[in-house]
Every structure is written in C-alpha cells, then in structure tokens.
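Q: Please take a close look at one part of this model, the place where strands pair, and then follow the connections outward from there. A connected account for a first-year student would be welcome.

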Amino acid sequence: MEHDFVYADKEEVRAVRQLLLDIIHRVQYELSEQEGITFQYQIVGSAKRNMITYDRKSNIGFDFDINLYVNDYSDYDDEPEVLRRILRLTFDRIARVYGYSYCEDSTSVLTIKRINMFRSCILHSFDFCIISNQEPDYYIRFDKKANNYVWAKRKADLKETDEKAKWLKVNGKWSEVREHYLYLKDNNDNENRKSISIYKETINNLYNNYHNKRRK
C-alpha cells in the first residue's frame with residue numbers, strides 16, 4: 001500500500017490538544033472527587049516532538065500518546081483490572097460529552113476517537129497508557145493469552161535516541177530529520193510497525209551518517 005504522510009496542521013493540532021487537556025482535567029476532577037484517585041499526565045511521542053503526522057491516503061487521522069501516572073498505584077497493586085476499568089468508565093463519560101467514542105481497550109492503552117460518520121474516517125485519536133507513579137517502569141497491560149490485566153514492565157528506552165536527536169538539533173540537521181521521517185513512513189510496508197520504531201531508525205540513520213563522517 002502506498003502512503004502519503006504529511007505533518008499535521010499546527011493550528012489544528014493546537015485546537016485538538018486543548019480538547020485533550022479539557023477532557024483530562026475533567027477526568028482528574030471526577031476521579032479525585034468520586035474515587036479518591038489522582039494522577040499526573042504527560043503528552044509523549046510524536047506530539048511531544050512536534051512531529052505529528054497522518055497519511056492523506058488513509059481514513060485515519062493523527063493521534064496523541066498520553067501517559068497517565070497514577071498516584072494511588074499501591075491501592076491497586078493486586079487489582080490492575082479494577083483501576084483500568086475505573087479510568088475507562090470515567091473517560092467514557094467525559095469523552096462522550098466532547099463528541100468522542102467510547103474507549104477501546106487494547107493491549108497497552110485506552111483509546112478514544114473523534115469519528116466523522118459522514119466521511120467514514122477517524123479525524124484523530126488519543127491513546128492513554130496507565131502507569132504507576134511510584135514505579136514508572138510499570139504500566140497496566142492486558143495479557144490476551146491469560147485474559148487478564150497485569151502490571152508489566154515497559155521496554156522502551158529512548159535515552160540513547162534522545163542524545164542522538166539532541167546532537168542532530170544542535171548541528172542544524174533537524175529539518176533533514178523531519179524529511180527522512182516522512183520518507184521512512186511513506187515506505188513502510190509493515191502495518192504493525194510503530195511510529196516510535198520509525199523515529200528511532202530516522203535518528204540512527206542521520207546520526208550515523210553525519211556524526212560518523214565527522215569522526216573519520
């Protein structure tokens with residue numbers, strides 16, 4: 001399948017980001033008042049790097065990745081399913097008010113979508129990963145084989161990638177990073193490959209090209 005990835009319009013992203021924050025803040029308030037559960041949040045991934053993209057040849061818009069750091073992790077140490085269900089139901093109630101879908105409960109995240117029914121397309125979506133604030137290496141994961149929810153250790157480590165990205169920015173190569181990122185996304189034929197994997201390849205390719213040349 002051919003792709004045509006472009007960067008999302010900045011004004012549209014800004015407006016969607018504000019909707020996201022409104023939803024999160026209302027969820028924070030309701031959970032605190034009704035369940036005694038509090039959490040912090042962090043927008044991560046492409047949105048954090050200002051590299052949100054979408055494929056103009058698909059019917060799926062752009063997305064935001066958000067980490068929810070739950071303060072009351074110890075209360076649900078043995079009941080991650082209960083905690084995830086509480087958050088899911090709360091997001092369901094609030095998100096519907098803003099015109100979003102009910103949560104989709106996948107392996108690693110809860111997802112809400114803004115759907116245009118007339119055009120049969122997803123305008124944008126939000127993916128929420130529930131993480132322990134006390135032990136931020138652990139998140140709630142749905143184990144499909146065992147059909148239960150567990151606290152699982154996160155594997156992603158971007159420290160080395162972040163250092164390489166910083167070097168590329170300092171040395172004036174970021175516009176090339178953005179161009180190469182789109183090129184790799186356009187030429188990706190693996191539907192299951194995550195954007196983070198393509199981003200890491202982008203950074204490694206350009207860093208190895210420019211940094212290693214300087215060392216020779």
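A: Two strands are said to pair if DSSP finds at least two bridges between them. Helices (H or I, at least four residues) and strands (E, at least two) are DSSP runs, numbered from the N terminus. The model is predicted, so that local features need pLDDT of at least 70 and side-chain atom pairs count only at pLDDT 80 or more, while totals for chains, interfaces and linings use all residues. Residues are numbered from 1 along each chain as its sequence is written, and side-chain values use heavy atoms, with hydrogens and water left out.

The part in question is formed by strand E8, residues 138-143, and strand E9, residues 148-153, which pair in the antiparallel sense over six bridges. In one of these pairings, tyrosine 139 has alanine 152 of E9 as its bridge partner. Four residues lie between E8 and E9, and the two strands form a hairpin. Within the turn, asparagine 147 has a positive phi of about 55°.

Tyrosine 149 offers a link to another part of the chain: glutamate 104 is 45 residues from tyrosine 149 in sequence, and their C-alpha atoms are 15 Å apart in space. Glutamate 104 belongs to strand E5, residues 104-105. This residue counts as partly exposed because its relative accessibility is 41%; buried means under 20% relative accessible area, exposed over 50%, and partly exposed in between (1.4 Å probe, protein chains only). Contact means heavy atoms within 4.5 Å. Leaving out residues up to four places away in sequence, glutamate 104 touches Val109, Leu110, Thr111 and Lys113.

The hairpin strands also contribute to a nonpolar core, that is, a set of buried Ala, Val, Leu, Ile, Met, Phe, Trp, Tyr and Cys residues joined through side-chain atoms within 4.5 Å. The largest such core has 38 residues, and those with the most contacts inside it are Ile23, Phe64, Ile66, Leu83, Phe126 and Phe128. Among the elements that give two or more residues to this core are E8 and E9, together with helix H1 (10-34), helix H2 (80-97) and strand E7 (121-132). H1 gives the most, with eight residues. In soluble globular proteins, nonpolar side chains tend to be buried together.

Phenylalanine 128 shows how such a residue is surrounded. Apart from its neighbours within four places in sequence, phenylalanine 128 is in contact with Leu20, Ile24, Ile66, Leu68, Phe91, Ser108, Val109, Leu110 and Ile112. A second, separate core has 13 residues, including Ala165, Trp167, Trp174 and Ile203.
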